[in-house]
Amino acid sequence: MAKKKYQQYVFSGFREEMNLPFIAKPSAYFRGARQIPGAGVNMGWQLFVKPVRLETEPHTHDADEYLIFLGNDPADWFSSFDAQIDFFIGEEMEKYLIDKPTVVYIPPRLTHCPLDFRVIN
């Protein structure tokens, strides 16, 4: 098959099987420029089913990151949200409680985490 002009912008291999007891299978990850040259965002999709302290160490990224917290029912992502998640941002570790559907934007090089899924119902 002939190479298409824009095929470098189309990526389908983002499904990943993770063997973690706190995440339902399957998961999906898009790892930015590693998978589509020039892409400036990383994304992951997971369904958390048990409490877990994830990303225990503060860190930064060179690309934008968005964390989107939604419920577990695709028919109503909003009213099905039933969790309490602690998220820390900045060098001073400013703490945020996520207890409703929320989007967090993390600009490049902004320190963030830990991320603690304390309650998952």
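## Reading an all-strand model

Analyst: Let's start at arginine 109: this residue is exposed, with a relative accessible area of 57%. The cut-off for calling a residue exposed is over 50%. Keep in mind as we go that this is a predicted model.

User: Happy to start there. Where does arginine 109 sit, and what is notable about its phi?

Analyst: The general idea comes first: most residues other than glycine have a negative phi, and most peptide bonds are trans. Arginine 109 goes the other way, with a positive phi of about 70 degrees although it is not a glycine. You will find arginine 109 in the loop between β8 and β9. Glutamate 55 also has a positive phi, near 50 degrees, in a residue other than glycine. The loop between β4 (52-54) and β5 holds glutamate 55, which is partly exposed at a relative accessible area of 41%.

User: You mentioned peptide bonds. Which two residues are joined by a cis peptide bond here?

Analyst: Cysteine 113 and proline 114 are, with omega at about 15 degrees. Proline 114 belongs to strand β9.

User: Let me step back to the whole chain. How many helices and strands does the protein have?

Analyst: There are zero helices and nine strands, so your eye can follow strands from end to end, in the pattern β-β-β-β-β-β-β-β-β. For scale, the C-alpha atoms fill a box of roughly 50 × 35 × 25 Å along the principal axes. Of the 121 residues, 29% are buried. Among contacts with a separation of 6 or more, 53% come from residues 24 or more positions apart.

User: How do I read the sheet, and in what order do the strands of the open sheet lie?

Analyst: Strands of a sheet pair through backbone hydrogen bonds, either parallel or antiparallel. Here five strands make an open sheet in the order β1-β2-β3-β5-β8, with mixed pairing. At the edges lie β1 (15-16) and β8 (102-106), each pairing on one side only. If you zoom in on β1, you see two bridges to β2 (residues 23-30), and these two strands run antiparallel. Glutamate 16 stands opposite serine 27 of β2.

User: β6 is not in that order. With which strands does β6 pair?

Analyst: β6 pairs with β9 in the antiparallel sense over six bridges, and five bridges join β6 to β7 (residues 94-98), again antiparallel. Two pairs are handy landmarks: alanine 83 has isoleucine 120 in β9 as its bridge partner, while aspartate 86 stands opposite leucine 97 in β7. Four residues lie between β6 and β7 in their hairpin, and glycine 90 in that turn has a positive phi of about 90 degrees.

User: Why is β6 described as largely enclosed?

Analyst: Count its buried residues: six of the seven residues of β6 are buried, so the rest of the structure largely encloses this strand.

User: What should I look for in a nonpolar core, and which members touch the most others?

Analyst: In soluble globular proteins, nonpolar side chains tend to be buried together. The largest core here has 18 residues, and Phe69, Ile85, Phe87, Val104 and Phe117 touch the most other members. β5 (64-69), β6 (83-89), β8 and β9 each supply at least two of its residues. Try clicking on phenylalanine 117: leaving aside neighbours within four places in sequence, its contacts include Phe48, Leu54, Phe69 and Ile85.

User: And threonine 111: is it buried or exposed?

Analyst: Threonine 111 is buried, at a relative accessible area of 10%, although its place is in the loop between β8 and β9 (112-120). Its side chain makes a polar contact of 2.8 Å with that of glutamate 91. Not counting residues up to four places away in sequence, threonine 111 also touches Pro58, His59 and Gly90, among others.

User: Last topic, pockets. What is the volume of the largest pocket, and which residues lie nearest its centre?

Analyst: Rolling a probe the size of a water molecule over the atoms shows where empty space is left. The largest pocket has a volume of about 1300 Å³. Its lining has 41 residues, with Gly44, Trp45, Gln46, Phe48 and Ile68 nearest the centre. β2, β3 (41-48), β5, β6 and β9 each give two or more residues to this lining. The largest share, seven residues, comes from β3.

Conventions:
Residues are numbered from 1 along each chain as its sequence is written. This is a predicted model: local features need pLDDT of at least 70, side-chain atom pairs count only at pLDDT 80 or more; totals for chains, interfaces and linings use all residues. Side-chain values use heavy atoms; hydrogens and water are left out. Two strands pair if DSSP finds at least two bridges between them. Buried means under 20% relative accessible area, exposed over 50%, partly exposed in between (1.4 Å probe, protein chains only). A polar contact is a pair of N or O atoms within 3.5 Å; within protein, one must be able to donate a hydrogen and the other to accept it, and residues adjacent in sequence count only if both atoms are side-chain atoms. Contact means heavy atoms within 4.5 Å. A nonpolar core is a set of buried Ala, Val, Leu, Ile, Met, Phe, Trp, Tyr and Cys residues joined through side-chain atoms within 4.5 Å. On a 1 Å grid over the protein atoms alone, a cavity is a set of points where a 1.4 Å probe fits but cannot get out, and a pocket is an open set with protein on both sides within 12 Å along at least five of seven lines; lining residues have an atom within 4 Å of a point. Grid points are joined across faces, edges and corners, and a volume is the space filled by probe spheres set on the points.
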